[in-house]
Each structure stands twice: as C-alpha cells, then as structure tokens.
Amino acid sequence: MDHWPAKSKWNDMNYLRRVAGFRTVPVEVGKNYLCSEWKQELITFSEFLERTRSNDTTSMETTYLAQHQLFDQIQELRQDIVIPDYCFTGGGEIRSLNAWFGPAGTVTPLHHDPHHNILAQVVGKKYVRLYSASLSDELHPHSETMLSNSSQVDLDNIDEKEFPNILDLEFQDCILEEGEMLYIPPKWWHYVRSLTTSFSVSFWWSDAEKLDD
C-alpha cells in the first residue's frame, strides 16, 4: 500500500480532524463486545480522536471505532485508499469496506466472518492470531445465534479448567506492521489486538458463485 495517500495522511491527526472531525460516528466503549460492561455511543470524530490520544496515556475506558463503514460516510478518506487487486481474484465482488481505529489495547475477540478478508494495517501495528475453520467445534462457539460466530474462549484470560484443550490447538500468529496486509480466509477464526494506536481497513469480498447469497 505504499502508493496509498492514507500511508502519510492518516498519521496526521490534524488531517483526520479537518476532513472528518464534525461527523458523528458509532464507537464501542469497554474491553470488547463480549463483556457485560461493553456499550456503544455516538460521538463526533473529533471527540473520538481526543479519546484515542488520551487513552494512550491514561486508564480511561477504551474507545474503539470498530467495523464501521466510515468510507461510505466520508469520501475524503475513501479517496485515500485503493482496493487491493487481491480482492478481485475468483471474479468475486466487494461486500464491505470497514474501518478499525483506536488506541493501543483494543481487542477484537476470537471470531470468524463469512467472507474473504484483506486486513490492511495503515497506521500502527496489531497482533493477529488465526485458527483454521476446521477447529470450529474445539473453539466453543457461543450457542446464541447473534454470537454464534464468536468463541467462548477469552484468549486474554484462558480458563484452562473449562477449556482444557485450547492450549493444544494449532494456530498461526503474526504482528501486522504498518504498511502490511494479511489475508484471512472465510470462516477462519481470528483474534486481533492493537499494540499501538492503530488504523486498519478490512476489505470483505465474496466468491463469484456466492454473489446471490
């Protein structure tokens, strides 16, 4: 993504404030969406940027702009990125472009998604862990329909008594550095933690034969 304008522009908080500061965005507040204290709020992008800056130096509740279609809302930011050629392999079509923006320590718990995914790390870096789709039963999905794509296993605090075999499961992990992209196959389980202030973009696309799904 070296040719993306976002590579230089998105490290500049003043630029982000100028093009998007007055817009209202949905944010997540709390550890992650599986925790009881988790909530959602609507705030201006400027307030979100201020919380992100403060969050890196204080213990205030983490605020995360997660899986939001920011680029449909703010065209200036959409023009800063380019859909990777990878997303057109197999003759499929783009399903969704989502923004993930927050301070160090934001977590997306272990879950899977239905589409092909390119996760592009524009600002900062993240730790990513992947488990094969073939391990779904061993990863103990939630029984509730709304959360059936999420694991009951908290990788930040594994309960070895309740899930004794988790530590034996094979996984792949990496640190996704600024300027890098990672392909995540459909139904593969993934856990993501930001190691610094981080701004990522996920590109979801479908196979050609699944366009009618």
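Here are some questions and answers on a predicted model of a protein chain.

Residues are numbered from 1 along each chain as its sequence is written, and side-chain values use heavy atoms, with hydrogens and water left out. Since the model is predicted, local features need pLDDT of at least 70 and side-chain atom pairs count only at pLDDT 80 or more, while totals for chains, interfaces and linings use all residues.

Q: How many helices and strands does the chain have?
A: Helices (H or I, at least four residues) and strands (E, at least two) are DSSP runs, numbered from the N terminus. On that basis, the chain has five helices and eleven strands.

Q: In what order do the seven strands of the open sheet come?
A: Two strands pair if DSSP finds at least two bridges between them. Pairing in this sheet is antiparallel. β2 (39-44) and β9 (181-184) are at the edges with a single partner strand each, so one side of each has no neighbour in the sheet. The order is β2-β1-β3-β4-β11-β6-β9.

Q: How many bridges join β4 to β11?
A: These two strands run antiparallel. Along the pair, Ala-99 sits opposite Val-201 in β11. The number of bridges joining them is nine.

Q: Which residue of β11 stands opposite Leu-119?
A: β6 and β11 pair in the antiparallel sense, over seven bridges. The residue facing Leu-119 is Ser-202.

Q: How many of the nine residues of β11 are buried?
A: Buried means under 20% relative accessible area, exposed over 50%, and partly exposed in between (1.4 Å probe, protein chains only). Ser-198, Ser-200, Ser-202, Trp-204 and Ser-206 point one way from β11, with Phe-199, Val-201, Phe-203 and Trp-205 pointing the other way. The strand is largely enclosed by the rest of the structure, because the buried count is nine of the nine.

Q: What volume does the largest cavity have?
A: On a 1 Å grid over the protein atoms alone, a cavity is a set of points where a 1.4 Å probe fits but cannot get out, and lining residues have an atom within 4 Å of a point. Grid points are joined across faces, edges and corners, and a volume is the space filled by probe spheres set on the points. There are two cavities of 30 Å³ or more. The largest has a volume of about 110 Å³.

Q: Which residues are the closest to the centre of the largest cavity?
A: Strands β5 (107-111), β6 (116-123), β10 (189-194) and β11 (198-206) each give at least two residues to the lining. Out of 13 lining residues, the closest to the centre are Trp-100, Asn-117, Leu-119, His-190 and Val-192.

Definitions and conventions: 1 Å grid on protein atoms, 1.4 Å probe; cavity = no way out; pocket = protein on both sides within 12 Å on 5 of 7 lines; lining within 4 Å.
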